[in-house]
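Reader: Please take one part of this model, the way its nonpolar interior is packed, and walk me through it slowly. I would like to know which residues do the packing and how the helices around them are arranged.

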Amino acid sequence: MGRWEPNTRERLAKAALDLYGERGFEQTTVAEIAKSAGLTERTFFRHYADKREVLFSGAIELEQLFTRAVAGAPPSAAPIDAMAAGLDAICAVFEERRDFARKRQAVISATAELRERELIKLASLAAALTDALRARGVPPSVAGLTAETGVAVFKVAFERWIVADETRPLARLARESLDELKAVALGGNAPMSEV
C-alpha cells in the first residue's frame, strides 16, 4: 500500500459507521475500523483523535459556517431572519449526506455517551450563535433566546429529514419548522406539516 491513499478520511468514516451499525459503538475498536478501511491504526489517528470523532469531526466547521451566515445577514434583518440565513447555509451542507446522517444519528441515538456529546456540541453551537447575534447588536437575552431557538429548529428539522421515507430537502423542513414556531409564538395554530 502506498504512503498516501485518496479519500482516507472518508473511507475511515464509512468503515466506522458500518461497524458501529453492525456491532455497536462500544464494541467496535479503532483497530477494526482501520482494518475494515484497509488502513493502519496509525493512519486512523492521523485523521481522528478517537473513535467518537468520526461522528463529530465536522462540528467546528459547521459552527463556523452557521455563525458566518448569521453574521453576514443584511444589517436590517431581524434576529430570527439572520438565524434563518444561518439555517439555510448549514442545511445545504447536509443535503448530499442524508444516508450518512441517518446512519450517524442511529449510532448516536443508541449510545448514551454519544447523545451526551451531541448535546454538548449543540450547546457550543448555541453559544457561538449567541455571540454572532450579539456582535450584530442584538441584546444578550434576545441573542441567547434566538440562538437556542435556531438550534432547536435545526434539530426538529433534522429529525424529520432523517426519517426513512422523508424526501423533502432539509432546508425546506427547517423553514417549515421555523414557520411553525413563528405561528405558535404569534398565538395561532402551527401549520400542519408532514411528520
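Author: A nonpolar core here is a set of buried Ala, Val, Leu, Ile, Met, Phe, Trp, Tyr and Cys residues joined through side-chain atoms within 4.5 Å, where buried means under 20% relative accessible area, exposed over 50%, and partly exposed in between (1.4 Å probe, protein chains only). The model is predicted, so local features need pLDDT of at least 70 and side-chain atom pairs count only at pLDDT 80 or more, while totals for chains, interfaces and linings use all residues. Residues are numbered from 1 along each chain as its sequence is written, and side-chain values use heavy atoms, with hydrogens and water left out.

The chain as a whole has 10 helices and zero strands (DSSP runs, H or I of at least four residues for helices and E of at least two for strands, numbered from the N terminus). Its C-alpha trace spans about 60 × 35 × 30 Å along the principal axes, and 42% of its 195 residues are buried.

The largest nonpolar core holds 32 residues, and those touching the most other members are Phe66, Val70, Leu129, Leu133, Phe154 and Trp161. Two or more residues are given to this core by each of helix H5 (59-71), H6, helix H8 (112-135), helix H9 (140-161) and H10, with H9 supplying the largest share, eight residues. Another core, of 20 residues, lies apart from this one, and its members include Ala37, Tyr48, Ile108 and Leu114.

Val70 shows what such packing looks like for a single residue: leaving aside neighbours within four places in sequence, Val70 is in contact (heavy atoms within 4.5 Å) with Ala82, Met83, Gly86, Leu129, Ala132, Leu133 and Arg136. Glu63, which is found in helix H5, is by contrast partly exposed, with a relative accessible area of 22%. Even so, Glu63 touches Ser124, Leu125 and Ala128, not counting residues up to four places away in sequence, and its C-alpha is 8.1 Å from that of Leu129, although Glu63 and Leu129 are 66 residues apart in sequence.

Turning to the helices, H6 (residues 79-94) packs with H10 (residues 170-185) at an angle of about 155°, their axes being 8 Å apart (axes are lines fitted to C-alpha atoms over the stretch in contact, and angles run from 0 to 180 degrees between N-to-C directions). H6 and H10 are therefore roughly antiparallel, a term for angles over 145 degrees. On the H6 side, Ile80, Asp81, Ala84, Leu87, Asp88, Cys91 and Phe94 meet Leu170, Ala171, Ala174, Arg175, Leu178 and Lys182 of H10. By class, this contact of H6 with H10 has nine nonpolar, no polar and four charged residues (Ala, Val, Leu, Ile, Met, Phe, Trp, Tyr, Cys and Pro count as nonpolar, Asp, Glu, Lys and Arg as charged, the others, Gly among them, as polar).

H6 also packs with H9, here at an angle of about 35° and with axes 10 Å apart. From H6, Pro79, Ile80, Met83, Leu87, Ile90, Cys91 and Phe94 take part, and from H9 the partners are Val142, Thr146, Ala147, Thr149, Gly150, Val153, Phe154, Phe158 and Trp161. The residues of this contact divide into 13 nonpolar, three polar and no charged.

Definitions and conventions: Parallel < 35°, antiparallel > 145°, perpendicular 65-115°, else oblique.
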